[in-house]
Each structure stands twice: as structure tokens, then as C-alpha cells.
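Open the model in your viewer and keep the selection tool at hand. We will go stop by stop.

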Amino acid sequence: SNTIMGRKFPRWLKRLLRFHQIRQNRRSLIEVDLVDAGIGPASVSILARIVHQNSTVQTLWLSENNIGDIGADNLATALQHNHNIRHLIIGSNNIKQKGAKSFGTLLREPEGPLQTLCMGGNDIGDEGACSIASALLCNQSMKELWLKHNGIGSKGITMLANATRKNSVLEEIWLGGNSAGDHGAIAFATALSCNSTLRVLDLSQNSIGNNGASALRDALKVNHQIVELSIDGNPTDDEIIVSEINSLVEINKTGGSETQKLQMKQLFYSVEGENGHPNSTEPQNAGIF
């Protein structure tokens with residue numbers, strides 16, 4: 001929004017006011033909204049210098065500013081010297097693989113402060129995703145990663161999945177609107193079988209068919225941490241598999257111990273429908289949840 005304290009400002013004035021506020025370094029300023037402020041690659045270099053000197057801002061909203069790869073590189077470089085910003089939102093900024101590589105370099109710092117990185121609506125592709133995935137292998141601070149609608153194919157999705165097998169900090173990864181396919185979904189299913197920290201996985205609109213969905217379903221039989229798994233908008237036409245995924249996720253939400261969740265899943269699969277598959281819509285299953 002370009003409204004500040006109830007008043008409407010042109011984008012350039014909003015940008016000027018926000019830059020001034022950051023430069024003042026006031027303790028009360030912990031979140032800065034620069035969404036659609038007309039920053040662009042040139043102005044982001046000025047912002048980067050200001051951010052480098054600031055010690056109070058923890059959340060920086062920079063979506064819809066067309067900063068591109070040059071702006072992304074300037075910003076990522078500045079954040080290597082800023083240890084206060086925890087949450088960075090840079091969606092819809094025309095960032096491609098070079099910009100993603102710059103953030104990959106930033107994330108390779110094991111104890112870096114960044115906990116949330118939202119890069120949805122850019123175009124980092126497989127190579128950009130691979131750069132970020134490589135960084136996740138050593139990163140020990142990132143908790144939320146948003147890469148929705150970024151032109152990532154099965155190669156990039158698979159690399160991200162492989163990274164979550166070794167990463168023990170990441171809690172949410174949002175990948176909707178990419179092209180994981182069955183191969184990418186199966187890679188994440190393999191990761192879920194051994195990952196104990198990931199709680200949210202978004203694979204909506206990712207060209208996943210029955211084979212990929214089936215692999216994810218099987219992974220949930222042994223994974224008790226996932227409380228949200230979205231596969232909406234995929235060409236999966238097996239309603240039984242989708243129903244089982246939803247039911248297994250609901251069991252994970254119960255909050256019981258891993259042993260209790262495993263027992264509930266075993267009970268769930270001991271009640272079969274006429275076709276030999278569990279039927280979560282039957283009344284006798286309602287008590288499990």
C-alpha cells in the first residue's frame with residue numbers, strides 16, 4: 001500500500017519517507033513496507049547502503065519493485081553485513097537465476113539471521129533453485145522458504161527436496177505453481193521419510209500425477225511432523241489417494257506422541273473399504289481423529 005498514517009502518497013514520496021525512517025535507526029522501527037514503491041535496480045543500491053547501517057529493522061517488504069538481478073545482488077551483499085533482518089519478502093521482482101545465486105551465497109552463512117525468504121512470482125528457474133538448495137545444506141537459520149511460481153522444473157524441485165533430507169531447521173517450504181512432476185514429488189516423498197522438522201509442504205499446481213501423489217501418501221505413513229501438505233490443482237485423479245493424504249495429515253495434527261500417531265495410522269489402515277483401501281469417510285473412522 002502507498003498509504004502512510006492514513007494518507008495517500010505517490011510512490012516516490014513513500015520511498016523517500018521509508019528510506020529516511022530506516023536511516024534514523026529508531027528502535028521502534030522493526031518492520032518496513034516498501035511494496036510497490038518504485039525502487040528499481042538503481043534505488044535498491046541506495047537502500048542496500050542504508051540497510052547496511054541499520055540495526056533495528058527485522059522485516060523488510062520489497063515485493064513488486066522490479067529490482068531484477070542487479071538489485072537482488074546489491075541487496076544480498078548488503079545483508080551479508082546486516083545481522084538484524086530476519087524476514088525478507090521480495091516477490092514479483094523480475095529476479096532470475098543470477099539473483100537467486102546471490103541469495104544462495106547469502107544463505108550459505110550457517111548462522112545467518114535470515115529466517116524467512118519469500119521470492120514468489122519471480123523466474124529463478126532450475127539453476128536458481130539449485131543454488132538455494134545447495135545453500136540449505138549448510139544453512140542453520142532459515143525456517144520459511146517461499147518459491148511459488150518461479151518456473152522451477154523437476155530438476156530444481158528435486159534438488160530442494162534432497163536438501164531437506166539433510167537440513168534440520170527448515171519448517172515450511174512453499175513451491176506451488178512450479179513443475180515438480182512425479183519425479184519431484186517422489187523426491188520430496190523420499191525426503192519426508194527421514195526429515196523430522198518440516199511441517200508445511202506446498203506442492204499445489206505442480207503437474208503431479210497419481211505416482212507422485214501415491215509416493216507422498218506412503219511417506220506420510222512414517223512422517224508424523226507434516227501438518228499441511230497441499231497438492232491442489234494437480235492432475236491427480238485418484239480420489240482415494242488424495243483422501244488418504246488428507247487423513248494422514250489430520251492425524252499428524254492431533255498433537256500426540258509419534259507412537260500414538262503411528263498407532264492411529266495403523267488403525268486407520270486396518271479399516272478398509274470394499275475395494276481394499278481405507279475409506280476415511282466411513283463413520284467408524286471418525287473417532288480416530
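In what order do the eight strands of the open sheet run? The order is 3-4-5-6-7-8-9-10, with parallel pairing. Strands here are DSSP runs of E with at least two residues, helices are runs of H or I with at least four, and both are numbered from the N terminus. Two strands pair if DSSP finds at least two bridges between them.

Before moving on, note that this is a predicted model: local features need pLDDT of at least 70, side-chain atom pairs count only at pLDDT 80 or more, and totals for chains, interfaces and linings use all residues. Residues are numbered from 1 along each chain as its sequence is written, and side-chain values use heavy atoms, leaving out hydrogens and water.

Select 31-33 and 228-230 next. These are strand 3 and strand 10, the edge strands, and each pairs on one side only.

Now select 59-61 and 87-89. Strand 4 and strand 5 run parallel here, joined by three bridges. Click Thr-59: its bridge partner in strand 5 is His-87.

Turn to the largest nonpolar core (buried Ala, Val, Leu, Ile, Met, Phe, Trp, Tyr and Cys residues joined through side-chain atoms within 4.5 Å). It has 73 residues, and Leu-34 is one of those that touch the most other members. Select Leu-34. Among the residues in contact with Leu-34 (heavy atoms within 4.5 Å) are Phe-19, Leu-47 and Trp-61.

Last stop: Ser-257, in the loop between helix 9 (239-252) and helix 10 (258-270). Is Ser-257 buried or exposed? Ser-257 counts as partly exposed because its relative accessible area is 36%, with buried meaning under 20%, exposed over 50% and partly exposed in between (1.4 Å probe, protein chains only). Its C-alpha atom is separated from that of His-224 by 8.9 Å.

Definitions and conventions
Lists of a residue's contacts leave out its neighbours within four places in sequence.
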